[in-house]
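Visitor: I have a structure open and would like a short tour. Can we start with the empty space inside?

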Amino acid sequence: MAIVKIALPWMGPLHGGKNWDCDKDAMIFLGLREDGRVILVLPVPQTAGSTPYLISRDGEMVVSRSEGGDSIDVVLAIGNESQAVLDEGIKLYKDLVRKGGNTLPTIDKAVDLGVARVYKERDDWERGVGYCTWNSLGASLSHQKIMDVLESLVKNDIKVTNVIIDDNWQTLDNARYTSSGTMSRFEANNNFPSGLSGLASEIRQKYPHIKHIAVWHALLGYWDGITPDSELAQEYKTIECPWKDNVTGEIRNLTFIHPEDVERFFDDFYSFLSQSGIDSVKVDVQSRIDELQNASDKNALLMPYQNALFKAANKYFDTRIIYCMSHIPIILSMLSTVDAPNIVLRSSDDFYPSVPATHTNHIFSNAHNTHLFSRLPVVQDWDMFSTGLSPKYSSLHAAARVLSGGPKFITDTPGAHNADIVKMMLEMGLEKPAVNIYPFRGKDEGRLLVMQGLRRDAKGLGTIVCGVFNLGDKSVGEIIAVPVQCMGQKVSSYRSGQMGTVGEGGMIYVELEEAGWDLLVMETEGS
């Protein structure tokens with residue numbers, strides 16, 4: 001099993017056979033040897049312009065890098081159990097990142113937060129149910145449409161704690177739906193006649209259950225950066241960098257805030273957002289710098305931008321930030337060294353509600369990416385979904401979001417809601433991300449996906465939640481292993497309500513229809 005580059009900004013799982021033969025760039029490899037031992041291979045990035053990946057060459061595994069850097073460190077871990085190998089290997093990876101010295105950019109020491117800082121309402125941000133405007137309202141975003149959908153949610157007994165105002169609130173130039181355009185100023189466009197502050201004020205006044213309001217923006221301002229000759233370009237020093245459009249193949253010069261001025265830009269931008277009632281951000285298109293044509297531009301921009309972003313998010317938002325389109329080795333290595341709560345990482349490619357074939361792939365990809373991301377000091381976001389989908393898929397997505405251990409964003413269109421789905425996600429939330437206990441199972445093998453995590457009730461008593469999913473196209477029945485501490489203890493099915501006892505062998509038989517799922521709640525010895 002490898003976590004590979006499936007698109008410029010995204011990683012996803014790839015399963016193979018007996019030999020290493022990978023046609024994609026891999027960030028991490030986990031293999032099962034013939035003797036039953038598990039092996040982990042994980043290269044460590046050295047500079048912003050040097051992006052190391054594992055590739056195949058003449059039947060062998062080699063480490064490649066884009067440009068720059070004198071050497072590449074590679075973590076190699078071998079053991080008898082996959083979770084222990086991942087734990088120890090990624091721990092060593094983080095140690096090497098911290099010890100990288102001048103050759104490895106890291107978050108500035110000046111913004112280290114430490115563990116003593118107290119963050120209020122952390123659960124609302126990290127584990128609450130939120131609403132995102134993207135799939136439901138998309139490009140036709142406006143003040144009134146946002147208020148209408150929030151009212152529709154309340155009328156259907158759904159009270160979200162977080163709201164994300166996604167793409168298309170900004171004042172833009174040459175914008176093309178979801179793919180290009182430039183940012184011209186901080187304030188919202190004309191579809192928001194009272195500005196961001198007017199919208200945020202009305203939301204908080206009418207819906208006091210909403211604790212956090214976030215806005216979307218690209219790391220570079222918008223997809224293609226800053227509008228030349230705009231008020232932003234007049235206020236801040238800019239730089240032009242060549243970038244190749246991965247769709248058309250055209251090379252264009254894009255205008256960005258110069259790295260010498262980017263810290264002032266982010267401080268001013270987030271100060272404006274904070275004063276407007278915004279207290280969190282979703283920062284997208286973070287891979288764009290890694291896509292630039294020149295390594296010198298990558299090295300010049302990447303870490304100044306990441307440092308400035310983090311400093312401003314910490315200063316104004318208590319680091320309530322969602323990193324999106326950011327599956328770049330140097331960015332992930334940077335996040336592995338940060339000791340700060342509230343940081344959320346989008347852990348997969350987008351959710352596509354109108355393409356049913358992608359629903360099970362989405363869950364499979366997130367479940368395997370958790371092998372890496374659950375071991376970084378971030379909260380995972382498995383992306384939004386719609387509770388108004390067909391019952392088969394809406395409940396499938398909801399159960400998966402429960403196991404993510406992170407925020408659960410919905411993107412319902414007005415009137416298309418399912419309050420029972422939201423209730424289930426709130427009832428069954430986990431303390432930490434669930435673990436995918438069978439990492440070597442490919443999606444097309446006709447086996448169950450099994451994830452296990454810890455849940456605590458109001459009294460602090462712990463239970464094991466075992467999520468089982470059939471992501472294939474046929475019914476599957478299978479015997480699965482449960483944790484040793486659950487042997488002889490009670491087990492109940494969330495879907496059927498049936499209760500039983502885990503046998504002495506620590507095995508449970510589960511049978512699920514196509515796209516079926518269940519959450520098995522198991523008591524532990526002493527709970």
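Guide: This is a predicted model. A cavity here is a set of grid points where a 1.4 Å probe fits but cannot get out.

Visitor: OK, how many cavities of 30 Å³ or more does the search find?

Guide: The search of the whole structure turns up 2. The largest has a volume of about 120 Å³. Its lining is made of 16 residues, and the closest to the centre are Phe364, Gly442, Arg447, Leu448 and Leu449.

Visitor: Which elements each supply at least two residues of that lining?

Guide: Helix α10 (357-373) and strand β21 (449-456) do. By class, the lining has 7 nonpolar, 6 polar and 3 charged residues.

Visitor: And what lines the second largest cavity?

Guide: Cys132, Ile164, Lys282, Asp381, Asp383, Met384 and Phe409 line it. The space there is about 40 Å³. In that lining, 4 residues are nonpolar, 3 are charged and no residue is polar.

Visitor: Switching to salt bridges: how many are there?

Guide: The structure has 21. In one of them, the side chains of Asp87 and Arg375 meet at 2.7 Å, N to O. Asp87 sits in helix α1 (residues 82-98) and Arg375 in the loop between α10 and β18 (379-381), 288 residues apart.

Visitor: Is Arg375 buried or exposed?

Guide: Arg375 has a relative accessible area of 13%, so it counts as buried. Asp87, at 39%, is partly exposed.

Visitor: What about Asp224, which residue does it pair with?

Guide: Asp224 forms a salt bridge with Arg252, with the closest N and O atoms 3.3 Å apart. Asp224 lies in the loop between β12 (212-218) and α6 (231-235) and Arg252 in strand β14 (residues 251-257), so the bridge ties together parts 28 residues apart in sequence. Salt bridges with shared partners join Asp224, Asp245, Arg252, Arg288 and Glu291 into one network.

Terms used
Residues numbered from 1 in each chain as written. Predicted model: local features only at pLDDT ≥ 70, side-chain atom pairs only at ≥ 80, totals over all residues. Heavy atoms only, no water. 1 Å grid on protein atoms, 1.4 Å probe; cavity = no way out; pocket = protein on both sides within 12 Å on 5 of 7 lines; lining within 4 Å. Points joined across faces, edges and corners; volume = space filled by probe spheres on them. Helix = DSSP H or I, 4+ residues; strand = E, 2+ residues; numbered from the N terminus. Nonpolar A, V, L, I, M, F, W, Y, C, P; charged D, E, K, R; others polar. Salt bridge = Lys/Arg side-chain N within 4 Å of Asp/Glu carboxyl O. Buried < 20%, exposed > 50% of the residue type's maximum accessible area, 1.4 Å probe, protein only.
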